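The following note is offered to a colleague who meets this structure as a newcomer. Its points are numbered and may be read in order.

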Amino acid sequence: MGLVYGGQFFVDGASGIARSLGVSESVIAITLVAAGTSLPELATSVVAALKKNPEIAIGNVIGSNLFNIFLVVGTSASVAPMYVRDITNIDFAVLIASCFLLFIFGWLFKQRMITRIEGGILILCYVGYTAYLLINA
């Protein structure tokens, strides 16, 4: 229960600060809201990895993304049309590149294992993308 309230507190507080600083809604959605709603998943995945259950961590991430893309977006678009005006081609390219990196790291190298170095690369990619968004906001 604490994860839910903590995530909500994070999203509300960080979004309010970002809006007061003039950050665009699309950047807030791509970074802060996504991070806040993913904090429970992150906690679950870290605990699973520490308990030597990496399948839970990977399944959690992949399952959550599939759920969000197909069910959440599909249901929302079925209720009312959704416009993707503020999401740029660069955002879509980063999405596709991140999926490709996950595939490369998880399937082709090290017997289907994502190593610490590869995890670090994924983190650096996220930090770089976030920095890009904030610089160009």
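1. Helices (H or I, at least four residues) and strands (E, at least two) are taken as DSSP runs and numbered from the N terminus. The expected span of a helix is 1.5 Å times one less than its number of residues. The model is a predicted one: local features need pLDDT of at least 70, side-chain atom pairs count only at pLDDT 80 or more, and totals for chains, interfaces and linings use all residues. Residues are numbered from 1 along each chain as its sequence is written, and side-chain values use heavy atoms, with hydrogens and water left out.

2. Helix α4 covers residues 89–108, 20 residues in total. From its first C-alpha to its last it reaches 27 Å, close to the 28 Å expected at 1.5 Å a residue.

3. Burial is judged by relative accessible area: buried means under 20%, exposed over 50%, and partly exposed in between (1.4 Å probe, protein chains only). The buried residues in α4 are Asp91, Ile104, Phe105 and Gly106. Their cover includes α2 (25–50) and α5 (116–135), where contact means heavy atoms within 4.5 Å.

4. A nonpolar patch on the surface is formed by Ile58, Val61, Ile62, Leu66, Ile69, Phe70 and Leu102, together offering about 600 Å² of accessible area. Areas come from the Shrake-Rupley method with a 1.4 Å probe; for residues, only the protein chains shown count as cover. Patches are made of residues with over 30% relative accessible area and no salt bridge, like charges being joined within 9 Å and nonpolar side chains (Val, Leu, Ile, Met, Phe, Trp, Tyr) within 5 Å. A salt bridge is a side-chain nitrogen of Lys or Arg within 4 Å of a carboxyl oxygen of Asp or Glu.

5. Helix α3 (residues 54–79) supplies the largest share of that patch, six residues. Ile58 lies in α3 and is partly exposed, at 40% relative accessible area.

6. How many disulfides are there? A disulfide is a pair of cysteine sulfur atoms within 2.5 Å, and by this rule the count is zero. The sulfur of Cys99 has its closest cysteine sulfur in Cys125, 12 Å away, and therefore too far for a bond. Cys99 is partly exposed at 48%, and Cys125 is likewise partly exposed, at 38%.

7. Lys52 sits in the loop between α2 and α3. Its phi is near 65°, a positive value in a residue other than glycine. Lys52 is exposed, with 69% relative accessibility.

8. Ala14 belongs to helix α1 (residues 2–20) and is buried, at 17% relative accessible area. Ala14 and Val33 are 19 residues apart in sequence, and their C-alpha atoms are 8.5 Å apart in space.
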